[in-house]
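Let's take a walk through a protein together, one piece at a time. Have a look at the sequence and the 3D picture before reading on.

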Amino acid sequence: MSPTRRCSRTACGRPAVNTLTYVYADQTAVLGPLATYAEPHAYDLCDTHSERLSAPRGWEVLRLAPDTSAQGPSNDDLLALADAVREAARPIAPVRPLPTEETGRETGRKGHLRVLSTD
C-alpha cells in the first residue's frame with residue numbers, strides 16, 4: 001500500500017486530491033487531477049485549498065475536470081489483459097536442437113563462428 005500524499009500547504013495534513021502547476025510563459029496556473037507521481041515543481045492540494053486557489057494578478061487559472069472514464073480499467077485494457085493471458089497459456093512449440101560437433105559436420109567458418117550441417 002502506498003502512503004497517501006498530503007496537501008503541500010503549510011500546516012495542512014489533509015489528503016491531496018489535485019495537483020497545481022504553473023506555466024510561467026503563459027502566465028497560467030493549471031489545477032488538475034492528482035498527478036500519478038509527486039513532481040518537485042508541482043504542488044499537491046486538498047479539496048479546501050483547491051477551491052480557494054487564486055493566481056497572481058494578470059494570471060489565468062485553468063481548472064481541469066477529472067476524467068471519470070479513466071477511473072478503473074477500460075474495455076481495451078481488459079481485452080489486452082485477456083489476450084496476454086491467452087498468449088501465456090499457449091503451449092510452447094518444441095525447439096529443434098541446433099547442430100553441434102557431435103550431430104553435424106562443419107561446412108564453413110568465419111572468425112569464431114562455425115557453420116554446421118545436419119546431413
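## A word to know first

A residue is called buried when its relative accessible area is under 20%, exposed when it is over 50%, and partly exposed in between. Keep in mind that what you're looking at is a predicted model.

## The overall layout

The protein has two helices and six strands. Going along the sequence, you meet them in the order β-β-β-α-β-α-β-β. Of its 119 residues, 17% count as buried. The accessible surface adds up to about 10000 Å², and carbon and sulfur atoms own 55% of that.

Take the contacts with a separation of 6 or more: 46% of them are between residues 24 or more positions apart.

## Strands side by side

Let's zoom in on strand E2. Five of its six residues are buried, so E2 is largely enclosed by the rest of the structure. Strands E1 and E2 run antiparallel and are joined by six bridges. One spot to look for is Asn18, whose bridge partner in E2 is Pro33. In the hairpin these two strands make, four residues sit between the strands, and Gln27 takes a positive phi near 50 degrees.

E2 has a link to E4 too: four bridges join the two, which run parallel. Here Thr28 stands opposite Glu60 in E4.

## A cluster of rings

How many aromatic pairs does a search of the whole structure find? It finds four. In one of them, the ring centres of Tyr22 and Trp59 are 5.9 Å apart with their planes at 80 degrees, so this pair is edge-to-face. Tyr22 belongs to strand E1 (residues 18-23), while Trp59 is in the loop between helix H1 (47-51) and strand E4 (60-63), so the pair ties together parts that are 37 residues apart in sequence. Both are partly exposed: Tyr22 has a relative accessible area of 29%, and Trp59 comes in at 22%.

Trp59 also makes an edge-to-face pair with Tyr24, at 5.7 Å centre to centre and 85 degrees between the planes. Tyr24 sits in the loop between E1 and E2, and these partners are 35 residues apart. Tyr24 is exposed, with a relative accessible area of 60%. Put the ring pairs together and you get a cluster of Tyr22, Tyr24, Tyr43 and Trp59.

## The nonpolar core

In soluble globular proteins, nonpolar side chains tend to be buried together. The largest nonpolar core here has eight residues: Cys7, Cys12, Leu20, Ala29, Leu31, Leu45, Cys46 and Leu53. If you leave aside neighbours within four places in sequence, Leu45 is in contact with residues including Cys7, Leu20 and Leu31, as well as Arg9 and Ser50.

## Charged partners

Side chains of opposite charge can pair when their charged atoms come close. A search of the whole structure finds three salt bridges. One joins the side chains of Asp44 and Arg5 at 2.8 Å, N to O. Asp44 is in strand E3 (residues 43-45) and Arg5 in the segment before E1, 39 residues apart. Is Asp44 buried or exposed? With a relative accessible area of 8%, Asp44 is buried.

Another salt bridge, between Arg86 and Asp83, spans 2.6 Å, N to O. Both residues lie in helix H2 (residues 75-89), three residues apart, about one turn of the helix. Arg86 is exposed at 52% relative accessibility, whereas Asp83 is partly exposed at 45%. Arg90 and Glu87 also meet in a salt bridge, at 2.8 Å. Arg90 counts as exposed, at 53%, and Glu87 as partly exposed, at 47%.

Notes: Residues are numbered from 1 along each chain as its sequence is written. This is a predicted model: local features need pLDDT of at least 70, side-chain atom pairs count only at pLDDT 80 or more; totals for chains, interfaces and linings use all residues. Side-chain values use heavy atoms; hydrogens and water are left out. Rings of Phe, Tyr and Trp (its six-membered ring) pair if their centres lie within 6.5 Å; planes under 30 degrees apart count as stacked, over 60 as edge-to-face and the rest as tilted. Buried means under 20% relative accessible area, exposed over 50%, partly exposed in between (1.4 Å probe, protein chains only). A nonpolar core is a set of buried Ala, Val, Leu, Ile, Met, Phe, Trp, Tyr and Cys residues joined through side-chain atoms within 4.5 Å. Contact means heavy atoms within 4.5 Å. Accessible areas come from the Shrake-Rupley method with a 1.4 Å probe; for residues, only the protein chains shown count as cover. Two strands pair if DSSP finds at least two bridges between them. A salt bridge is a side-chain nitrogen of Lys or Arg within 4 Å of a carboxyl oxygen of Asp or Glu.
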